[in-house]
Amino acid sequence: MKMYQLAWQNVKSSLKNYLSLIISLSFTIIIFFNFQNIVYSDLFEAIGGHNKDYSDMIVQIMSVVLGFFMAFFAGYATNVFLTRRKKEIGIYIFMGLTNQKIGRLYMLEMAFVGCLTLAVGIGFGVLTAQLFQMVLLAISDITVEIGFHAAWQPVVITSACYIAVYLFFVFRGYLDIVKSSVLSLVSASRQNEYVRQPKGVLLLKAALGIAVLSAGFFIAVKEGGQEVINYVLLAVILVVAGVYFLFAGLIPLLFQGLAGSKAFLYHKERCLWVNQMVFRMKKNYRTYAVACVLMICSVTALAASFALRERYNGMVHFRNTYTYQLLSALPDLDKQAVPLIEQENEIECKSKIALLAVTQAPDTQTQAEDTNNAGTSQPTGKQAVFVGWSQLKQLAQDAGLAFDLKKPENGQVVELEHMYLMSFYTKREGFAVKVAGKDFWQAAATNEPYLGYLQEMMSFYLVNDEIYESLKPGAQQLYAYNYRISNASNYKASVEALGTLVDQSSQRYTARIVTGPDASNDSEWVKVFYSLCVFLVLVFISASGSILFMKLYNDAFEERERYGILQKLGCPYKALKRAAACELLASYTLPFFVMVVASYFSVKAMENMMYEDLTGVRLVSIGIIFVVFFISFWGSIGVYLKNAGVGTNHS
């Protein structure tokens with residue numbers, strides 16, 4: 001029999017063993033292909049301009065992330081299956097095959113599996129491309145007519161990336177086989193497995209894990225200024241390292257402690273699986289750590305998606321608080337503006353407020369904050385504007401806006417921020433700020449759109465009435481006139497008339513702002529961003545479940561001898577089934593529990609940057625992961641028992 005025939009025969013006979021590998025890698029290929037298909041389609045042509053450029057850039061960045069993930073996943077999966085097949089492949093040595101020929105046989109087998117995986121991934125990717133785009137547009141609420149456009153670039157790019165990654169790890173497996181001895185091939189599946197680790201080493205790793213993880217949690221939720229971006233990066237590194245040491249030290253230490261307690265061990269057949277967890281942790285702790293980190297990423301990604309959606313809707317609402325705004329030095333401009341607007345539109349609400357404009361120094365706290373925030377294409381101006389507390393309270397009442405701000409004390413200010421998409425400047429109150437050469441204490445900050453779009457153009461500070469009056473000398477007195485019409489879609493009807501009014505009043509510093517449903521769409525790319533985050537969540541969740549399932553699936557084959565001995569000793573099938581179920585439950589529960597704790601801090605850090613309460617979405621994402629893991633757990637029990645040979649002869 002020729003080499004390729006033997007390889008194909010092995011693939012067909014072991015197809016069930018390769019099934020989890022094929023399904024997992026195919027899913028990754030499908031997602032990667034659909035991301036590339038978006039890049040080479042005209043899906044974002046409708047939003048136009050820099051929105052399309054930003055959207056394409058986001059898709060490309062996420063494609064790179066998926067590419068790295070595909071590389072990691074392919075490396076992990078091929079390594080797991082190589083370890084599983086080494087014992088079987090090693091038998092060929094007794095048939096007279098050399099290591100080189102065995103390595104080539106392995107490469108041929110993996111080539112067949114890789115081609116099958118690629119064909120399934122690309123095929124389903126093509127079939128689901130239009131559905132993928134429909135779901136993406138539905139989540140992002142972008143109205144575009146979808147048509148099927150076959151492009152060769154996504155197929156070529158996806159195939160090239162996958163083949164390059166896959167062949168790299170297959171060739172690495174080939175070198176591993178060539179350099180292995182007969183003994184290492186036959187006993188590879190049992191090397192470095194049944195080892196009780198030294199307690200001193202575990203204590204050191206446990207202490208290091210707790211310390212590093214605690215430091216990561218502390219830094220993640222720490223508030224600050226422009227240094228927060230450094231905090232975020234450091235927190236990610238510390239949390240990943242902390243999770244790794246936690247599974248390498250603390251959790252094995254706990255299991256060894258349970259195994260040493262006879263009162264716990266010899267109850268409900270715990271001795272059948274607790275000792276097994278102790279011995280196998282040295283081999284499996286990396287798998288648990290990786291699955292846990294992926295789950296933390298999925299919860300954080302879903303929280304980010306929800307927060308981005310809420311912030312985008314908040315920004316749209318912020319900008320559309322008023323339809324027309326006039327800023328002028330004239331104290332009675334509304335007498336002319338109102339009749340002009342009412343010629344074409346019905347005014348739903350109107351308000352007027354006096355403002356004090358002063359020149360803002362270039363090195364102020366406000367400017368430092370603006371350089372560390374994102375979310376609007378309109379830069380905050382260098383003018384600082386003071387607002388009186390009583391006047392703002394009246395404006396909120398006229399505009400129907402909530403007003404729960406405490407009256408600032410002397411020397412205090414409350415900053416009226418614009419709606420940021422995301423801010424790395426998380427400390428919003430409790431610090432000194434210099435405004436117009438005067439020192440104040442920022443007692444609070446709010447992004448309630450009291451001044452509407454004007455808040456994106458200037459720095460507004462709320463002071464009490466006494467301070468406001470004392471600031472009048474040397475400041476420029478301005479008046480803001482705000483109008484919201486009943487039919488927002490008819491906003492263009494009054495634009496020309498107000499433009500004429502502004503031109504006639506230009507000598508008295510008069511400016512006009514007009515907003516409407518379609519007046520400003522420079523942040524449409526955000527919709528694409530938070531929609532794609534949802535797909536990343538699906539990738540991370542499925543990957544974490546697949547990694548655990550794949551690992552346990554292959555571990556079961558290595559347990560056939562142990563379970564066979566237990567059955568020969570007369571251990572009942574139900575007891576073995578309960579023991580296997582408990583072992584699997586612990587394997588799924590450990591990373592899930594650590595994720596629940598760690599995700600609180602990652603989501604809390606997201607809350608600080610997005611100014612959103614994400615408790616609900618965190619609980620929802622945890623619930624989704626729980627359901628996925630519960631299904632995987634119940635599916636694993638039957639497969640594990642079958643692969644381990646448990647109950648093959650039970651009545």
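Me: Why is Glu348 called partly exposed?

Reply: In this predicted model, Glu348 has a relative accessible area of 47%. Buried means under 20% and exposed means over 50%, so a value of 47% places Glu348 in between, as partly exposed.

Me: What makes the contact between Glu348 and Arg484 a salt bridge?

Reply: The two side chains meet with N and O atoms at 3.2 Å. The cut-off is a nitrogen of Lys or Arg within 4 Å of a carboxyl oxygen of Asp or Glu, and 3.2 Å satisfies that limit, so the pair qualifies. Glu348 belongs to strand 2 (residues 347-359) and Arg484 to strand 10 (residues 476-485), so the salt bridge ties together parts that are 136 residues apart in sequence.

Me: Is Arg484 buried or exposed, and how do you know?

Reply: The relative accessibility of Arg484 is 18%. Since buried means under 20%, Arg484 counts as buried.

Me: Why is Glu469 said to form a salt bridge with Lys472?

Reply: The closest N and O atoms of Glu469 and Lys472 are 3.3 Å apart. With the limit set at within 4 Å, the pair is therefore counted as a salt bridge.

Me: What are the accessibility classes of Glu469 and Lys472?

Reply: Glu469 has a relative accessible area of 45%, and Lys472 stands at 33% relative accessibility. Partly exposed covers values between the 20% and 50% limits, so Glu469 is partly exposed, and Lys472 is partly exposed.

Me: What makes Glu583 and Arg562 a salt bridge, and which parts does the pair tie together?

Reply: The closest N and O atoms of Glu583 and Arg562 are 3.9 Å apart, which is within 4 Å, so the criterion is met. Glu583 lies in helix 18 (residues 573-610) and Arg562 in helix 17 (residues 560-568), so the pair ties together parts that are 21 residues apart in sequence. Arg562 and Glu583 are also linked with Glu559 in a network of salt bridges. The structure holds six salt bridges.

Me: How do you know whether Glu583 is buried or exposed?

Reply: Glu583 has 4% relative accessibility. Buried requires a value under 20%, so Glu583 counts as buried.

Me: Why is helix 18 described as roughly antiparallel to helix 19?

Reply: Helix 18 and helix 19 pack at an angle of about 160 degrees, with their axes 10 Å apart. Angles over 145 degrees count as roughly antiparallel, so helix 18 is roughly antiparallel to helix 19. Their crossing is right-handed.

Me: What makes helix 16 roughly parallel to helix 19?

Reply: The axes of helix 16 (residues 525-558) and helix 19 come within 10 Å and cross at roughly 15 degrees. Because angles under 35 degrees count as roughly parallel, helix 16 is given that description relative to helix 19. The crossing of helix 16 and helix 19 is right-handed.

Me: Why does Ile631 count as exposed?

Reply: Ile631, in helix 19 (residues 615-643), has 57% relative accessibility. Exposed means over 50%, so Ile631 counts as exposed. Ile631 also belongs to a nonpolar surface patch with Phe626, Val627, Phe630 and Trp634, which together have about 540 Å² of accessible area.

Me: What makes Ser26 buried?

Reply: Ser26, found in helix 2 (residues 15-39), has a relative accessible area of 4%. The limit for buried is under 20%, so Ser26 is buried. The C-alpha atoms of Ser26 and Gly125 are separated by 9.0 Å, although the two residues are 99 residues apart along the chain.

Technical notes. Residues are numbered from 1 along each chain as its sequence is written. This is a predicted model: local features need pLDDT of at least 70, side-chain atom pairs count only at pLDDT 80 or more; totals for chains, interfaces and linings use all residues. Side-chain values use heavy atoms; hydrogens and water are left out. Patches are made of residues with over 30% relative accessible area and no salt bridge: like charges are joined within 9 Å, nonpolar side chains (Val, Leu, Ile, Met, Phe, Trp, Tyr) within 5 Å. Accessible areas come from the Shrake-Rupley method with a 1.4 Å probe; for residues, only the protein chains shown count as cover. Helices (H or I, at least four residues) and strands (E, at least two) are DSSP runs, numbered from the N terminus. Buried means under 20% relative accessible area, exposed over 50%, partly exposed in between (1.4 Å probe, protein chains only). Axes are lines fitted to C-alpha atoms, for helices over the stretch in contact, and angles run from 0 to 180 degrees between N-to-C directions. Angles under 35 degrees count as roughly parallel, over 145 as roughly antiparallel, 65 to 115 as roughly perpendicular and the rest as oblique. A crossing is left-handed if the near helix is turned anticlockwise from the far one by less than a right angle, and right-handed if clockwise.
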